[in-house]
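Trainee: I would like to learn how to read unusual backbone features in a model, and I would be glad if we could take them one at a time.

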Protein chains: 2
Amino acid sequence: MEKEPLLMLPGPVPMPERVRYAMMRQAINHRSAEFGAIYADCVRILKTAFGTTNDLFVISGSGTAGMEAAVGNFGRDREIACLVNGKFGERLYKISQRYGNAHLIASEWGTPLDLESLKKQLENGAELVTLVHNETSAGIKNPAQEIGKLTQKYGALFLMDGITSIGGDNVEADAWGVDIAIVGSQKCLAAPAGLAAISVSARAWERLTKNPPYYLDLAAYKKSAGGMPMETPYTPAIPLFFALREACLLIEEEGLHNRINRHQQMAQAVREAVKIWGLLLYPKTDLRHQYSNTVTAVTYPEHIKDAEMRGIIKKMGIIIAGGQDHLKGKIFRIGTMGAVGAPEILSTLAATQYALRKLGYQIKGDGVQAACEVLG
Amino acid sequence: MEKEPLLMLPGPVPMPERVRYAMMRQAINHRSAEFGAIYADCVRILKTAFGTTNDLFVISGSGTAGMEAAVGNFGRDREIACLVNGKFGERLYKISQRYGNAHLIASEWGTPLDLESLKKQLENGAELVTLVHNETSAGIKNPAQEIGKLTQKYGALFLMDGITSIGGDNVEADAWGVDIAIVGSQKCLAAPAGLAAISVSARAWERLTKNPPYYLDLAAYKKSAGGMPMETPYTPAIPLFFALREACLLIEEEGLHNRINRHQQMAQAVREAVKIWGLLLYPKTDLRHQYSNTVTAVTYPEHIKDAEMRGIIKKMGIIIAGGQDHLKGKIFRIGTMGAVGAPEILSTLAATQYALRKLGYQIKGDGVQAACEVLG
């Protein structure tokens, strides 16, 4: 084998050298001023990416642990309205069922959410609304701002999973009325997998529910973070914090605004290629702002087999994603998250274009050229 | 500052180069044959350290997450007898209170457990018994084998926290009748903090309780680990798995038996030094086999202030632990876990001896020389 394959997945994503090399360090004491300063750097920079001045904590666990922290601390025995149009919305619904009285507001994966049903649920007393901002399973971006307005109007708490949007697309948690937001480390932040960050508004703290999971007890996180030095309640995954700090510093150096523009441009390049090839984007919407800017989901043309196409691309050292669950074999997905840029996108599109042709699909035009025009 | 301080804590502990450098790698797809093989290596070697042929899973979270996985999957609404003689026993009790009907069987920290009370609880129908095998907060090792016999006699499940013993001291989970055992990565395994491993007996699977935490749902772990490739249900902390695999390979190369002997010898060296100095070990026992072999807890002589003594030692680049909670200022603790050996132990003892004298304690003899005699 040559070098490591290029991961163009909706996470985990390639990490910059500085991020990876930060993990080589010897262990340090996690109850020390040095660790406290590292944690504080992460929190400070993540708050800008979340668009929040609320409390923010880093949990040693995956994005799913972050989701459970959110529901487990604010959803116990509550009426929870779960907006679902993809796999991760379903996951939030499943977690909500373990804690409260969860009401499913389902749309087909990749189709716009049913906000009329949400209104009804809010009128009927929903106390917590869950949303996946950027649903990678279907490549759709949901209207968080609009949903925030609705939940605020009815006085409910708004829980937004920003796992795959924060740090890569525009998120304004405070301006949108988001009470609890979550991000995962291995997505747009381009850090290693294994950490989640969660923000909590003052309004949410007032409505903390009882008996959360012990490991994910946010009151304990708050207490430990409030000390000097800043700490976590249980031993943190120290090397991942070293890496996350470095990834956050890189965000600060690039500038969040530039980073978001770069992500939007990368996704635009992929969408242009898809259009020129004559393929269809999977999300059932004509509204450009509803397309994800961190992953592009594309419907397979007839007769193209997923395993064959991704196999050809993999042989060229590039990993793209297929569909999940009932979308297996029906869509493919190209991630444009984190530290990647034109070299990764152009090679991915070139390999995809080659695979499509090799498998007998007549492309309508040169998608690679079209992407260059966006990226150039 | 010179080089990184030497951590002689009861975790996190210094990691060998091979373990640290394993984390530098680029991200890989966690749903791949390569990741599956890494996970399988960890499981295979950890099973030998646990002394088990039961199922074993690796969780992306701290030892506390492992504790909660154990109680959360087998303790919901159950009668739980919690043996407590230190901080981590208390933690298992607190977690048990969130899930079941927890019965505290408390002894003073560092004193032998009350097995008569345990018998009574078992007679009264306790269904799950929790034990911390090696209680680092007090430097005491508890009689797991004896407790295993009792729980088996009464047909209860036996949950043993081996977080700070497995991989460094003798553990025979299957022979002792342990149904659920847990280890933490940053202790005797000398891997980075952030992973826990948990083993589950067939008997325990038959008694799985309902509604565990979603992130720690062991049935989901079992399902994902049973596929090909072997997977985790949610995104794992990939770099930590790279490191844990390397740490496990090092255990295999050293040989588990040799490794345990080395740990026992290291702790013996520290205990000899303490004795020669004329200080008292903290655990209230005369039974040598009740002293921890991975951390030694020592009672401060009168007039020696914790912050001063550990401050002098820290200035020499060595970090030892103080007491926790009500033992703050009353004891100090020297960890002898993982990849350390004579160089680390002798320098730690030399610095400690120097600090004791500098603060006016009249040592009765040369503890460093005594330790050399054990280690030489």
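Mentor: We will go through peptide bonds and then backbone angles in this predicted model.

Trainee: Which residues does a cis peptide bond with an omega of about -5 degrees join?

Mentor: The angle to read is omega, and in chain A a bond with omega of about -5 degrees is the cis peptide bond that joins Gly11(A) and Pro12(A). Pro12(A) sits in the loop that runs between β1 (6–7) and α1 (17–21) of chain A.

Trainee: Which residues are joined by the cis peptide bond whose omega is about 5 degrees, and where does Pro229(A) lie?

Mentor: That bond links Met228(A) to Pro229(A), and Pro229(A) belongs to the loop between α8 (218–225) and α9 (238–254) of chain A.

Trainee: Turning to phi, what is the value for Asp325(A), and is Asp325(A) buried or exposed?

Mentor: Here one looks at the sign of phi together with the residue type: Asp325(A) has phi near 50 degrees, which is positive, and Asp325(A) is not a glycine. Asp325(A) is placed in the loop between β14 (321–322) and β15 (331–335) of chain A. A residue is called exposed if 12 or fewer other C-beta atoms lie within 10 Å of its own, and because Asp325(A) has 10 such atoms within 10 Å, Asp325(A) is exposed.

Trainee: Where does Asn211(B) lie, and how many C-beta neighbours does Asn211(B) have inside 10 Å?

Mentor: Asn211(B), also not a glycine, has a positive phi of about 60 degrees and is located in the loop between α8 (202–205) and α9 (218–225) of chain B. Asn211(B) has 14 C-beta neighbours inside 10 Å and therefore counts as partly exposed.

Key. Residues numbered from 1 in each chain as written. Chains lettered and ligands numbered in written order. Predicted model: local features only at pLDDT ≥ 70, side-chain atom pairs only at ≥ 80, totals over all residues. Helix = DSSP H or I, 4+ residues; strand = E, 2+ residues; numbered from the N terminus. Buried ≥ 20, exposed ≤ 12 C-beta atoms within 10 Å, placed from the backbone.
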